[in-house]
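User: I am new to this structure and would like a close look at how one pair of helices packs. Could you walk me through that part, and then show me a few other spots?

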Amino acid sequence: MRKIAVIGTGYVGLVTGTCFAETGNRVICCDIDSQKITNLLNGVMPIYEPGLEELVAKNQKRETLQFSTDIPNAIQQAEIIYIAVGTPMTVTGEADLMYIKQVAKTIGENLNSYKIIVTKSTVPVGTGKIISSIIKEQTATKFDLVSNPEFLREGVAIKDCMNMERAVIGATSETAYQVIAELHKPFTTKMVKTSVETAEMIKYAANAFLATKISFINDIANICERVGADVTKVSEGIGLDSRIGPRFLQAGVGFGGSCFPKDTAALLHISKEVGYDFKLIEAVMETNEQQRLQMVEKLTSVLGDLDGKTISILGLAFKPDTDDVRSAPALDIIPHLVNLGANVHAYDPIAIQEAKKKLGYKCTYSTDLYQTIENADACLILTDWQQVKKLDFEKAKELMKQPILVDGRNLFDLDTMKQAGFTYLSVGRPMVNQPSFSPRAM
């Protein structure tokens with residue numbers, strides 16, 4: 001059993017701290033946001049993540065998990081201190097280390113004995129040295145630094161943490177490595193032992209590679225549409241090659257969330273700082289931006305002028321089973337539709353409150369799928385929620401002004417949509433039931 005302080009109770013910090021508590025350690029999760037801590041003490045989660053609320057409650061009851069705003073006390077009591085604060089993207093694309101530096105200063109001011117300080121936040125290469133330098137300015141007390149990046153997927157984060165594929169541990173000493181490796185043994189994970197700088201790079205490289213696979217298949221999809229091929233079969237065919245694999249080869253509206261957009265931009269900024277022209281990542285980011293506009297172009301191809309048209313958006317979160325709307329396609333597409341004069345109705349079962357913070361009242365919101373599509377000229381699917389996958393086609397046709405469905409997630413079989421009588425436009429596949437009218441003449 002180890003005494004652990006986790007500084008930052010956002011997505012990464014809260015999930016990580018809770019899972020460490022679940023494996024028998026004594027964990028204090030800290031935050032400067034007193035309202036967030038009050039809510040956590042009352043069982044109110046700051047994020048939506050399946051299974052998290054129950055696991056937090058269980059470990060609070062066991063007294064292995066505590067929440068506090070008293071960060072100095074948590075630092076002094078802990079053997080291991082995890083830094084899990086945000087590193088948001090600046091306007092120039094680099095990671096903002098303001099919160100990391102603030103935490104490092106606080107740790108230095110309160111370091112009362114040897115401790116292992118672990119960076120869990122996604123940070124640029126060289127951040128470990130910055131943290132060490134800041135701490136050393138405040139104290140002569142010895143410490144070791146570890147970079148231990150997270151690889152959690154929103155929506156299945158508890159499962160990912162409790163059954164890790166790998167734990168990357170970049171440590172400044174063998175002692176620190178052994179302690180953190182021992183901490184991860186209950187997660188039945190493969191350990192990757194490396195330097196701090198290499199561990200920092202692994203996180204960016206992993207996310208950039210996955211983002212590249214997504215943009216690659218989306219570019220292939222756009223070509224498929226022009227030559228009459230089916231990208232889903234292309235994905236299947238190349239994904240069966242063991243050198244490639246099937247994951248992240250699903251064509252669609254592009255990637256979003258808290259990691260891929262931010263981390264690709266940060267990696268591009270790092271490459272520019274060291275004088276390397278990383279053209280591949282530039283293309284990955286450009287493709288992702290253009291993919292969102294493709295959805296609007298599909299709507300105009302069948303509806304013509306969108307002024308006065310009612311468009312139903314199905315899904316605001318960047319992926320299902322989360323309320324995270326950071327860099328979600330909906331955040332770009334909805335304002336664009338509104339600028340073209342469309343009336344936008346948006347459905348999401350969970351993410352509406354988060355979306356409102358970003359979009360305000362550019363559209364109307366509903367947690368009722370069929371209320372959202374009523375009197376719609378067309379529906380645009382942006383999130384593959386189970387509720388959307390189970391769409392009742394007959395009911396939808398009765399409610400909509402005309403049965404037009406633009407699917408940014410390729411949820412439905414083409415033959416099924418043909419039989420259902422929908423004009424159906426997906427990504428990288430032929431249009432089904434092309435409308436007989438000319439949209440330009442409308």
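Analyst: Here is a walk through one helix pair, followed by a second pair, a serine and the cysteines.

This is a predicted model, in which local features need pLDDT of at least 70 and side-chain atom pairs count only at pLDDT 80 or more, while totals for chains, interfaces and linings use all residues. Residues are numbered from 1 along each chain as its sequence is written, and side-chain values use heavy atoms, with hydrogens and water left out.

Two packed helices are described by the angle between their axes and the distance between the axes. Helices (H or I, at least four residues) and strands (E, at least two) are DSSP runs numbered from the N terminus. Axes are lines fitted to C-alpha atoms, for helices over the stretch in contact, with angles from 0 to 180 degrees between N-to-C directions.

Let's start with α12 (residues 279-303) and α13 (residues 329-339): their axes come within 9 Å and cross at roughly 40 degrees. The two are therefore oblique to each other; angles under 35 degrees count as roughly parallel, over 145 as roughly antiparallel, 65 to 115 as roughly perpendicular and the rest as oblique. The crossing of α12 and α13 is right-handed, meaning that the near helix is turned clockwise from the far one by less than a right angle, whereas anticlockwise would be left-handed. On the α12 side, the contact (heavy atoms within 4.5 Å) involves R292, L293, M295, V296 and L299, and α13 brings P329, D332, I333, H336 and L337.

For a second pair, look at α1 (residues 11-22) and α3 (residues 52-62), whose axes come within 10 Å and cross at roughly 50 degrees. That makes α1 oblique to α3, and their crossing is left-handed. Residues L14, V15, T18, A21 and E22 of α1 meet a set in α3 including L52, L55 and V56.

Next, find S121 in the loop between β5 (115-119) and α6 (127-138). S121 is buried, at 6% relative accessible area; buried means under 20%, exposed over 50% and partly exposed in between, with a 1.4 Å probe and protein chains only. A polar atom of the S121 side chain lies 2.6 Å from the backbone oxygen of V85. Leaving aside residues up to four places away in sequence, S121 touches I83, A84, V85, T87 and I100.

Finally, the structure has zero disulfides, a disulfide being a pair of cysteine sulfur atoms within 2.5 Å. The sulfur of C29 is too far for a bond because the closest cysteine sulfur, in C30, is 7.2 Å away. C29 is also buried, with 0% relative accessible area.

Technical notes:
A polar contact is a pair of N or O atoms within 3.5 Å; within protein, one must be able to donate a hydrogen and the other to accept it, and residues adjacent in sequence count only if both atoms are side-chain atoms.
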